[in-house]
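Work through the following exercises on strand pairing and helix packing. Each task is followed by a solution in steps.

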Amino acid sequence: MSAPAIRVDQLKKSYGSQQVLQNVSLNIPAGQTFALLGRNGAGKTTMIRILLGLIPADSGNVQLGGIDPAIDPLTVRSHVGYLAEDQAMYGWMTPIELCRFLAPFYPTWDMNWARDYLDRFGIPPHGRIGRLSKGQSVKLGLVVALSHHPPIVILDDPAMGLDPIARKEFNRDLVEHLQTSGCTVLYSSHLLDEVEAVADAVAILDHGRIVRTGTTDLLRDEVKQILLSCDSIAGTPPPEGLLDVCRHEDRLAFIIDRSENYVGQLIAKGIDHDVVDLSLDEIFEAFVIGRTQDWPGKPANSAAMSP
Amino acid sequence: MKSLLWKQWQENRGYLAIFLAWMVLAAIYSIGYEVGYGFHAPVGHFSGLSLFYTICAAVFLAMRAAQGEQSAGTLSFSASLPVSMRRIAAVRIGGAVATLAIPVLVAAAVLSLALASGFVEQAGPRGVEFLPRLPQRETASLLTALEQLASVTAIAIFGGIELLLVLSVFGCWLRSQAQVGLLGAVMGLGSMIASGLFWYGERRPYVQLVYGAVLPQSLAIQWSYGEEHGGYTDHELAQYRWIALGLSIPVLLIIGYLFVIRYGRLKDIALPAKPGRFRFSTPSLWSHIPIRLRGRWTALIWLELRQSGPLVTCGLLFALLIAIVSVLTEPRGNYSTGASVLAAMPHTISFVGMLWATVVGSGLYSAELDPRLGAFWRSRPISSDMWFWCKFIVGLAAVLIVLDGVTILASWNAPRDSPTTGMSWAYVGCFPVIHALLYALAVLGTCWLRKPVIGAFMAILGFAVLNIAITTFPLTDHLDPFTVYNNLLRDERAGHVDLTQHGYPLVYGVLAVSTFILGLVSSRFARPLERTFRRFTLLPE
Amino acid sequence: MFVRIERGVSTPISRQIAEQVRAQCLAGLIQPGDCLPSVRQLARELVVNVNTIVRVYERLAAEGLVEMRHGEGTFVLPPSTTTNLAADLKHQREQYSREYQAIVRRGLLLGLAVPELRRMLTATASDAKTQISKENSSEKRS
């Protein structure tokens, strides 16, 4: 495998006493579509801003295509296509003027491509940007982010604020224009169904920490829900990788990461159980808000007998 | 109702504290100045200061009253509360009026204590005849002095409230606080000019009464005089001022009611934000001209010119309008209207330019420091310093070339009769530098506080404070930039032009260097998405 | 070819696509020799990651259902013995499903509650699983 297109190593950032990123490390191979998942305030935008050298990190190392944005932000930015969350562009300009203005800053700017895509996306080239609809404005942002054919594309929650149809179209463009041209794409999103279909791999960011990375398929293979009766495992220590425990009277439903190992143990012990597949939505939920306090500590009857 | 008042108090108390400090300091300053120079004119001085205060405070409070909820995005929340929007509007505007008026009243009380204790004295009222001048007039009795003070205070408050209400009503139609601020600055300047235009004084007291009822500001007028050391402000009051003020109360109530109705309807249009509702569409001519921008600098300069050009041109047109109005309403001299307008331009541009330099300075930077647009340009391969200095220099050049340059060229051959007409070498030497300084101050304020109107306002306030600081002490009084300019102009009209006199090289050298230093400091703050000042920037995510 | 993807369900998308393509091949909706949509086209149509589609096609090719000809596209192969087996399998599964429905129905009629049925199913399933895995391992050993 080639060198990672985006490498993040031990990244730390805090605002005052609030730690926004704690030892975040990531490697994204070239050509991969990588989704960054996390709740609001998990640190996605901060991380993306550090990747572009917009804000300095407290410590840690970041490289995009082998270049450190903290040292040479301009080179990084000229090789990266970026679409910010809720981005505004000069409202008084027209799309064509915006392209003309940006062209001198990128040696690889492709004006014909830009015009072609403005046309394809149905953006009026001579209308004021301030008058474009939300969806058109996101698409214009995408055209502007891609017209210099960047090898790396970073999209910060691009689908936010788009209606379902526009979102689907947007994802379609993502698949059609970026994945097929071999771009490395890093994007953040809240819409897990769409992420599952579009992304190769995901990272789950929670409170400034990366709690899990993996390809979507791997994640679904490894994270499973197991159903069994409480008594059968009472007294055993909570297994490694336990994410969420839920008790329904004497039945126990728990979600466990790297489940294969534990399932093997259950089989070896001859304990009755069911393994349930989970959707990405449920997996994300387990990682982010899963609780493990309900794991049965001691068998219920032995507690009653002890006095 | 009680909770609405509580909310209003929470929102306004910060401003109330600042305004109180401002006006109390103003009262102390006028007392101190009186004690230092002894002109017997504390009331006139106070009247001038409170006029400036009421205009600034009215603009500020109107911005908040009319647009505060839109820009904070809480309007649809307020509209959903089980309280009528009219009641909310009434509380908002009532709070604003109180915030405006209380500081003036407190400051007037401070000054009246000083008068009552005999600490300072006030000369007698200005009579029908303009002579004798104030320093020759007898000291007025305490009762007369207090009545003068009360009139001046009441007129300032009523005038300020009127400006606040009118601005708030118009503000409901506008789309942002910055627009209200700009409109306010223009209207404030306009109202100062209007109250001068509508001044008939003792000549036509009944006409003055009618004007006064509609425009309370026009019931008093201040005349400033420069002396060998320092200067004083004499004031003149309309004869039937109290009756006019009484009549203006219903006028103010009607405007206030208009605001309440207008604001009460806001919720209907607030939710579906129709783009371009009140905008007429200008054809995008530039877009159709296939310009190829070669090189980064060309592109950036093109961008900045596109932004600053229209702004600066508006300023020039505004100044031209003021010059035309003032020429048309004043007794015509021996010259044609065109020549008179050109002769009036330098004086008009000198003060409109100060206002407009701050408008351009803050307007150019505010948009791009906004996090949403900031995220866009910051992520382009444009270095921050390149962007900042290109913007700074192009904006400054636009201000100086379009406002000062055009005026200098156009008015150079216009008649030069009085100190306020015609072009001069003193103007060429002084005002571009002052405009540049105000521009740089506005840039600093905007980059630091990230709020365009407050930034521009800080610039004007900073400049005013600097002026006050220089003129307070007899030792430094002659180094005041305006004093230097007046001295140079006097010499020039007497026949000799020498820009090395009267401390010009020192004073204006310092101003020019400060402009550059201010730019340098601002460039450190001009990094959107990074924090400058804790309270004013957004938290991450 | 018509493929419909359900999102947010626990069946992985790649499996959903593979099953539907397989079913259509077996049902004869796609004739042998037909060309399947290109990877890029199908990815665009379904709004699904390109690599996912590639994996699906590769899996189907491994099953002997289609053939990926380099530079030409993916073509449906004529039914071979393997596909006959698959059709057989499908038939048997349908049969099983009918039997299962009948069993559940009978249980409900006998007054067994759904949780009870579920418990029985879990127990039987895990028994059977261990048995099968034992058989498998003994098979490997022998």
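The exercises below deal with two sheets and one helix pair in a predicted model.

**Exercise 1. The sheet of chain A**

Task: Determine the strand order of the open sheet in chain A and state which strands stand at its edges.

Solution:
- Step 1. Listing the strands across the sheet gives the order E5-E6-E7-E3-E8-E9, with 6 strands and mixed pairing.
- Step 2. Strand E5 (80-83) and strand E9 (209-215) of chain A each pair on one side only, and these are the edge strands.
- Step 3. On average, and ignoring direction, neighbouring strands of this sheet are turned by 15° against each other.

**Exercise 2. One strand pair and a helix across the sheet**

Task: Describe how E3 and E7 of chain A are joined, and find the bridge partner of Phe34(A) in E7(A).

Solution:
- Step 1. Strand E3 (residues 33-38) and strand E7 (residues 184-189) of chain A run parallel and are joined by 5 bridges.
- Step 2. Within E7(A), Leu186(A) is the bridge partner of Phe34(A).
- Step 3. Helix H1 (residues 44-51) of chain A lies across both of these strands, and also across E5, strand E6 (152-156) and strand E8 (201-206). The helix runs at about 150° to E6(A).

**Exercise 3. The sheet of chain C**

Task: Give the strand order and pairing sense in chain C, and explain why E1 and E2 of chain C each have a side without a neighbour.

Solution:
- Step 1. The open sheet has 3 strands in the order E1-E3-E2, and the pairing is antiparallel.
- Step 2. Strand E1 (35-36) and strand E2 (66-69) of chain C are at the edges with a single partner strand each, so one side of each has no neighbour in the sheet.
- Step 3. E2(C) pairs with strand E3 (residues 73-76) of chain C over 4 bridges, in the antiparallel sense. The bridge partner of Arg69(C) in E3(C) is Gly73(C).
- Step 4. Helix H3 (residues 50-62) of chain C lies across E1, E2 and E3, at about 120° to E2(C).

**Exercise 4. A helix pair in chain B**

Task: Classify the crossing of H4(B) and H8(B), then sort the residues of their contact by type.

Solution:
- Step 1. The axes of helix H4 (residues 85-116) and helix H8 (residues 241-264) of chain B come within 8 Å and cross at roughly 135°.
- Step 2. That angle makes H4(B) oblique to H8(B).
- Step 3. The crossing of H4(B) past H8(B) is right-handed.
- Step 4. Residues of H4(B), including Met85(B), Ala89(B) and Ile93(B), meet residues of H8(B), among them Tyr257(B), Val260(B) and Gly264(B).
- Step 5. The contact residues divide into 9 nonpolar, 1 polar and 2 charged.

Note on methods:
Residues are numbered from 1 along each chain as its sequence is written. Chains are lettered from A and ligands numbered from 1 in the order in which they are written. This is a predicted model: local features need pLDDT of at least 70, side-chain atom pairs count only at pLDDT 80 or more; totals for chains, interfaces and linings use all residues. Side-chain values use heavy atoms; hydrogens and water are left out. Two strands pair if DSSP finds at least two bridges between them. Helices (H or I, at least four residues) and strands (E, at least two) are DSSP runs, numbered from the N terminus. Axes are lines fitted to C-alpha atoms, for helices over the stretch in contact, and angles run from 0 to 180 degrees between N-to-C directions. Contact means heavy atoms within 4.5 Å. Angles under 35 degrees count as roughly parallel, over 145 as roughly antiparallel, 65 to 115 as roughly perpendicular and the rest as oblique. A crossing is left-handed if the near helix is turned anticlockwise from the far one by less than a right angle, and right-handed if clockwise. Ala, Val, Leu, Ile, Met, Phe, Trp, Tyr, Cys and Pro count as nonpolar, Asp, Glu, Lys and Arg as charged, and the others, Gly among them, as polar.
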